[in-house]
Amino acid sequence: MKTFELDPRLEADTLPLADLPLCRALLMNDARYPWVILVPKRDSISEVFELSHEDQTQLWREATLLGAAMKEAFHGDKLNIATLGNVVSQLHIHLVVRYKDDASWPAPVWGNGSPEPYELALQGSRREQLLAQIEGLKF
């Protein structure tokens with residue numbers, strides 16, 4: 001069995017956060033939004049339907065539980081959940097907390113403005129907030 005490998009583009013654009021039962025949780029390195037990417041730890045998967053039924057259920061469970069916790073913790077107006085895969089084919093789900101006054105509202109975050117990499121202090125603070133949310137969830 002081949003070991004799980006993260007797509008190099010995802011690795012370059014994110015910071016490690018945690019391993020959930022199915023997914024690796026990554027912090028998108030863009031301080032404009034609370035933004036987590038979930039990547040199922042399965043080889044050669046690019047579409048949700050390629051996962052087993054059990055993995056599909058677990059993927060949705062992880063995305064919805066973490067997404068709800070993020071929206072509440074960061075006092076968001078909306079939570080965007082998306083699987084695009086047009087640039088990075090490895091299956092991954094974006095969880096993005098949105099605000100009516102954010103830089104891209106009401107448009108999608110993709111292609112709007114330039115990412116603002118985290119400064120070290122804010123990165124640490126955001127990671128702590130997200131890890132506290134993750135630790136409180138029953139996946």
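These legends describe close-up views of a predicted model.

**View 1. Five strands build an open antiparallel sheet.**
The strand order is β1-β2-β3-β5-β4. β1 (14–19) and β4 (78–82) stand at the edges. Each has a single partner strand, so one side of each is left without a neighbour in the sheet. From one strand to the next, the twist averages 25 degrees.

**View 2. β1 and β2 form a hairpin.**
Three residues lie between the two strands. The strands run antiparallel and are joined by five bridges. Within this pairing, Thr14 stands opposite Met28 in β2.

**View 3. β4 pairs with β5 at the other end of the strand order.**
β5 covers residues 93–98. Five bridges hold the register of this antiparallel pair. Ile81 has Leu95 in β5 as its bridge partner.

**View 4. Helices α2 and α3 lie across strands of the sheet.**
Helix α2 spans residues 53–73. It lies across β2 (23–28), β3 (35–40), β4 and β5. Its angle to β5 is about 15 degrees. Helix α3 spans residues 120–135. This helix lies across β1, β2 and β3, at about 25 degrees to β1.

**View 5. The largest nonpolar core has 29 residues.**
Val36, Leu38, Leu66 and Met70 have the most contacts inside this core. At least two core residues come from each of β1, β2, β3, α2, β5 and α3. Helix α2 gives the largest share, five residues. A second, separate core has 12 residues, including Leu26, Met28, Trp35 and Val88.

**View 6. The surroundings of Met70 in the largest core.**
Neighbours within four places in sequence are left aside here. The remaining contacts of Met70 are Pro34, Trp35, Val36, His75, Leu95, Val97 and Leu130. Val36, one of these contacts, is also among the residues with the most contacts inside the largest core. Trp35, another contact, is listed in the second core.

**View 7. Tyr33, Trp35 and Trp110 form one aromatic cluster.**
A search of the whole structure finds two aromatic pairs. Tyr33 and Trp35 form an edge-to-face pair, 6.0 Å centre to centre, with 70 degrees between the planes. Both of these residues are buried. Trp35 and Trp110 form an edge-to-face pair too, at 6.0 Å centre to centre and 85 degrees between the planes. This pair links distant parts of the chain. Trp35 sits in strand β3, and Trp110 sits in the loop between β5 and α3, 75 residues apart. Trp35 has 4% relative accessibility, so it counts as buried. Trp110 is partly exposed, with a relative accessible area of 31%.

**View 8. A cis peptide bond joins Trp105 to Pro106.**
Omega is near 0 degrees for this bond. Most peptide bonds are trans. Pro106 is in the loop between β5 and α3. The loop between β5 and α3 also holds Trp110 of the aromatic cluster.

**View 9. Ser44 and His75 have positive phi values.**
Most residues other than glycine have a negative phi. Phi of Ser44 is near 55 degrees. Ser44 lies in the loop between β3 and α2. Its relative accessibility is 73%, so Ser44 counts as exposed. Phi of His75 is about 55 degrees. His75 lies in the loop between α2 and β4. At 64% relative accessibility, His75 is exposed as well. His75 is also one of the contacts of Met70.

**View 10. Thr3 and Arg42 bring separate stretches of the chain into one view.**
Thr3 is in the segment before α1 (8–13). Its C-alpha atom and that of Arg42 are separated by 8.5 Å. Along the chain, the two residues are 39 residues apart. Thr3 is exposed, with a relative accessible area of 60%.

**View 11. The span annotated in UniProt as "domain: HIT".**
This annotation comes from an unreviewed entry and covers residues 36–105. The end C-alpha atoms of the span lie 18 Å apart. Helix makes up 30% of the span and strand 23%.

Key
Residues are numbered from 1 along each chain as its sequence is written. This is a predicted model: local features need pLDDT of at least 70, side-chain atom pairs count only at pLDDT 80 or more; totals for chains, interfaces and linings use all residues. Side-chain values use heavy atoms; hydrogens and water are left out. Two strands pair if DSSP finds at least two bridges between them. Helices (H or I, at least four residues) and strands (E, at least two) are DSSP runs, numbered from the N terminus. Axes are lines fitted to C-alpha atoms, for helices over the stretch in contact, and angles run from 0 to 180 degrees between N-to-C directions. Contact means heavy atoms within 4.5 Å. UniProt positions are given in the numbering used here, feature names are shortened, and annotations may be inferred rather than shown by experiment. A nonpolar core is a set of buried Ala, Val, Leu, Ile, Met, Phe, Trp, Tyr and Cys residues joined through side-chain atoms within 4.5 Å. Buried means under 20% relative accessible area, exposed over 50%, partly exposed in between (1.4 Å probe, protein chains only). Rings of Phe, Tyr and Trp (its six-membered ring) pair if their centres lie within 6.5 Å; planes under 30 degrees apart count as stacked, over 60 as edge-to-face and the rest as tilted.
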